[in-house]
Amino acid sequence: SMRIIVDADPGIDDALALYYLRAQPETEIVAIGTVHGNVPVQLATANALRLIERLNIDVPVAMGAAKPLAQPLMTAESVHGEDGLGGYAGDEPTTSPTGESAAEQLANLARNNPGELNLLAIGPLTNVALALQIEPRLPELLDKVVVMGGALNVPGNITSHAEANFWHDPEAADLVLAAGFEDLTIVGLDVTMASHAPQEWLDGLPHDCYPRRILGFYADFYGSFLGKAGFVPHDPLAAAVLLDPGLATYREDRFAIELTGRYTRGKIVADQRFLAPGSPFGRDVAPERTKARYAVTADNARFLDQL
Ligand code: BDR
Ligand code: CA
């Protein structure tokens, strides 16, 4: 069975990813770490606790980084609502976070279960970067790592070139791409935008179910952003790719995050030139890094059906 540490900033599509994982057979959410991003980390933590209470699962939740490594905190309430759950966060949670930070939790769980745990990172990568400082062997200790982030050959969503999770902490994202994870998959806007769930999908949900309530605000945002009714399930698609890598096809390459571009800070880049064997040109982008897989197509019909 698949045992997963989720690092998230709930967040409406983060919430939907947790619902999705909860419904999958042979799948266990081992722990949740929270991070700044869609909302401040205190609120993301309260929301993670609220969600596991709703889902009736007993999982440790560790509060993570309150701000990015090297830039001020920026949040995205216009997408997820002031409470991060589209106005339906509801009562205060009855449970509390553990005393550890999310980075400590990740490092400790990985050390105590070498090779056994998978990481699904669906918020900014600050906690994962901090965990690498605590435990430099993290890349060997984790099994699969799936990250939701990036816009490689499509426009960004938060700036013209950058996707939100990477833009919220570009330095952290770059450290993670440089860390040498052997089984690292990146699920970015190239595939998530194409997995747009139309209004008919929403209409198919039971009327009073919680996901339907919280998706209202998110669908209003995407309706005005894209000019068509529906929403984009970024984080659930990343969860689905972790469970079923055959859902997508990939570009294998070495990736970096642009840190200094005037218009491109936070953008993921790779050297995508065709270079013939023996070509005098070397790879420009991060030639020393371990390769990762970047999802370029996904079976959206199959995914939306599962979701
Ligand atoms: C990502 O940013 C957040 O708004 C979503 O939760 C998702 O993780 C999409 O760019
Ligand atoms: Ca998220």
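**Exercise 1. The shell around ligand 1**

Work out how the residues of the shell around ligand 1 divide into nonpolar, polar and charged.

*Solution.* The shell holds five nonpolar, six polar and four charged residues. Keep in mind that this is a predicted model. Next, look at who sits where: of the 15 residues around ligand 1, the ones that come nearest are Gly-11, Asp-13, Ala-164, His-234 and Asp-235. Finally, ask which elements supply two or more residues to this shell; they are α1 (12–22), α7 (164–168) and α12 (234–243).

**Exercise 2. The peptide bond at Gly-11**

Find the loop that holds Gly-11, and describe the peptide bond that leads into this residue from Pro-10.

*Solution.* Start with the location: Gly-11 lies in the loop between β1 and α1. Then check omega for the step from Pro-10 to Gly-11: the value is near -10°, and the bond is cis.

**Exercise 3. Helix α2, its length and its cover**

Compare the span of helix α2 (residues 41–55) with the expected one, then list its buried residues.

*Solution.* First, the length. The helix has 15 residues, and at 1.5 Å a residue, counting one less than the number of residues, α2 should span 21 Å; its end C-alpha atoms are 21 Å apart, so the two agree.

Second, the cover. Of the 15 residues in α2, 11 are buried, so the helix is mostly covered. They are Val-41, Leu-43, Ala-44, Thr-45, Ala-46, Asn-47, Ala-48, Leu-49, Arg-50, Leu-51 and Ile-52.

Third, the partners: these buried residues pack against β1 (2–8), α1, β2 (27–34) and β3.

**Exercise 4. Two positive phi values**

Asn-56 and Ala-286 both call for a look at phi. Decide for each whether it is buried, partly exposed or exposed.

*Solution.* Take Asn-56 to begin with. Asn-56 comes just after α2, in the loop between α2 and β3, and has a positive phi of about 60° although it is not a glycine. Asn-56 counts as exposed because it has 7 C-beta neighbours inside 10 Å, and the cut-off for exposed is 12 or fewer.

Now Ala-286, in the loop between β11 (268–269) and β12 (292–298). Its phi is near 45°, again positive in a residue other than glycine. With 18 C-beta neighbours inside 10 Å, Ala-286 counts as partly exposed.

**Exercise 5. The surroundings of Ala-76**

Place Ala-76 among the elements and name the residues that it touches.

*Solution.* Ala-76 sits in the loop between β3 (61–62) and α3 (77–80). Leaving out residues up to four places away in sequence, Ala-76 touches Asn-38 and Ala-164. Its 18 C-beta neighbours inside 10 Å make Ala-76 partly exposed.

Terms used
Residues numbered from 1 in each chain as written. Chains lettered and ligands numbered in written order. Predicted model: local features only at pLDDT ≥ 70, side-chain atom pairs only at ≥ 80, totals over all residues. Near = placed C-beta within 6 Å. Helix = DSSP H or I, 4+ residues; strand = E, 2+ residues; numbered from the N terminus. Nonpolar A, V, L, I, M, F, W, Y, C, P; charged D, E, K, R; others polar. Buried ≥ 20, exposed ≤ 12 C-beta atoms within 10 Å, placed from the backbone. Contact = placed C-beta atoms within 7 Å.
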